[in-house]
Amino acid sequence: MTQRIYNFSAGPAVLPVPVLEEARENILSLGNTGMGIMEHSHRGKAFVAVHAETEAACRRLAGISDEYAVLFLQGGASSQFFQIPQTFLKPDETADYLVTGVWAQKAVKEAKRYGKVHEACSSKDRNFCYIPKTVDYSANPKYVHFTSNNTIFGTQFKTEPTTPAGAFLVCDASSDIYSRPIDVNKYGIIYAGAQKNLGPSGVTLVIIRKDLMEQGNLNQPEVIQYKVQAENDSMFNTPPTFGIYLMGLVFKWIEKNGGLKAMADHNQSKAKPLYDYLAQSKLFKSTADEDSRSLMNVCFVTGNEELDAKFVKETTAAGFDGLKGHRSVGGMRASIYNAFPAQGITDLVAFMKDFEAKNLYGERAGARSSLSPRRRK
Ligand SMILES: Cc1ncc(COP(=O)(O)O)c(C=O)c1O
């Protein structure tokens, strides 16, 4: 088998190896059914059991009560950008959006098609390198929408914002869902594309308060109605069966590894050596403000675009893939979701130290002797 390299991609992203190994077996035959997971009908007994197990594990992990529906939908987080306002926002109503990055801007753009949008805060003035400390809500917002982790700029809310009375909280948690404990009861809706912390692309997790589903616009095409999808266990139409299956394996992997608190501890200690190194490096700098830094996406630059490009090229050759930053920030981005191994950070930091020494003090100063291209298990 080809050896695996360090995958720093922002998504689709690295998945846990035991999950992939189990899936590999079940792609050929799910248990002893003689049919692979992707070949089973979504109405069949085997898949219905897979779906039920995925939902149950999802609920167990975050302690999701019966007051919430857990849906596995399609269309990505981007579809939630319009589905939420289309369902809940009337033309004369206002929704408040916390604008902390490009994904939040996209969500705003879609919401404006259906109702009024008030930008309750924005960090656009400094290219989204921080999470604003103050929020200025409108008089009577229908809901408050925020992006818990800003994948592109590497900033993250440490905790959910408080919402004004009468408004429900909506969170795009695409890039940090289940990377730490979450108090679902504080939210009206949480949604996340799976392809960072939960599984493959093509399935979107939506956790939604059941009473909200009753209040929403029920005059939409049925396939995009939360209520209809909930009544049909997300199987109003053919669901993304493989994605749901794999998500279930990832949930069980998280449980096996101690649950969300353990994930949070692991992610904290995993990101620390990289941030510590960035704090004292004379070459590399973190782009996010210290109090806003993400544990999922670590963005950094040298301040010199040519040097950034050289670094990305050399890291790729050395078996560190996907470190090129998003074009709106430039530089580098290390996406280190739940499944990313701590050893990858240790090795990256060692590589960076060596690169720094060579590029600041000349070739001979490089500390590492083994910088030849190599691959890892
Ligand atoms: C925070 C955030 N929201 C939304 C999206 C868009 O997700 P999708 O491609 O599933 O529509 C992304 C994708 O990277 C993201 O990081």
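The legends below describe close-up views of a predicted model.

**View 1. The seven-stranded sheet.**
Seven strands make up an open sheet in the order β2-β10-β9-β8-β5-β3-β4, and their pairing is mixed. At the edges stand β2 (68-73) and β4 (116-122), each of which pairs on one side only. From one strand to the next, the twist averages 15 degrees.

**View 2. The pairing of β3 with β4.**
Strand β3 (residues 94-99) is joined to β4 by six bridges, and the two strands pair in the parallel sense. One residue to look for is D96, whose bridge partner in β4 is H118. On its other side β4 has no partner, since this strand is one of the two edge strands of the sheet, each pairing on one side only.

**View 3. Helix α3 on the seven-stranded sheet.**
Helix α3 lies across five strands: β3, β5 (143-147), β8 (168-172), β9 (189-193) and β10 (204-209). The helix runs at about 155 degrees to β9. In the sheet, these strands belong to the order β2-β10-β9-β8-β5-β3-β4.

**View 4. The residues around the ligand.**
The ligand is surrounded by G11, G76, A77, S78, W103, T147, T151, D172, S174, S175 and G193. Helix α3 (residues 76-88) gives the largest share of this shell, with three residues. By class, the shell holds two nonpolar residues, eight polar residues and one charged residue.

**View 5. The packing of helix α2 with helix α7.**
Helix α2 (residues 45-62) and helix α7 (residues 241-256) have axes that come within 8 Å and cross at roughly 40 degrees. Because of this angle, α2 is oblique to α7. The crossing of the two helices is left-handed. On the α2 side, the contact is made by F47, V50, H51, E53, T54, A57, C58, R60 and L61. These residues meet T241, I244, Y245, M247, G248, F251, K252, I254 and E255 in α7. Ten residues of the contact between α2 and α7 are nonpolar, four are polar and four are charged.

**View 6. The packing of helix α8 with helix α10.**
The axes of helix α8 (residues 259-280) and helix α10 (residues 342-361) are 8 Å apart, and the helices pack at an angle of about 15 degrees. The angle is under 35 degrees, so α8 is roughly parallel to α10. The crossing in which α8 passes α10 is left-handed. From α8, the residues K270, P273, L274 and Y277 take part in the contact. Their counterparts in α10 are A342, I345, T346, L348, V349 and M352. Eight residues of the contact between α8 and α10 are nonpolar, one is polar and one is charged.

**View 7. The three-stranded sheet and helix α8.**
A further open sheet consists of three strands in the order β11-β12-β14, with antiparallel pairing. Its edge strands, β11 (285-286) and β14 (332-335), each pair on one side only. Strand β12 (residues 297-301) is linked to β14 by four bridges in the antiparallel sense, and N297 stands opposite S335 in β14. Helix α8 lies across β11, β12 and β14. Relative to β12, α8 runs at about 20 degrees. This helix is also the one that packs with α10 in the preceding view.

How values were computed:
Residues are numbered from 1 along each chain as its sequence is written. This is a predicted model: local features need pLDDT of at least 70, side-chain atom pairs count only at pLDDT 80 or more; totals for chains, interfaces and linings use all residues. Axes are lines fitted to C-alpha atoms, for helices over the stretch in contact, and angles run from 0 to 180 degrees between N-to-C directions. Angles under 35 degrees count as roughly parallel, over 145 as roughly antiparallel, 65 to 115 as roughly perpendicular and the rest as oblique. A crossing is left-handed if the near helix is turned anticlockwise from the far one by less than a right angle, and right-handed if clockwise. Two residues are in contact if their C-beta atoms, placed from the backbone, lie within 7 Å. Ala, Val, Leu, Ile, Met, Phe, Trp, Tyr, Cys and Pro count as nonpolar, Asp, Glu, Lys and Arg as charged, and the others, Gly among them, as polar. A residue is near a molecule or strand if its C-beta atom, placed from the backbone, lies within 6 Å of it. Two strands pair if DSSP finds at least two bridges between them.
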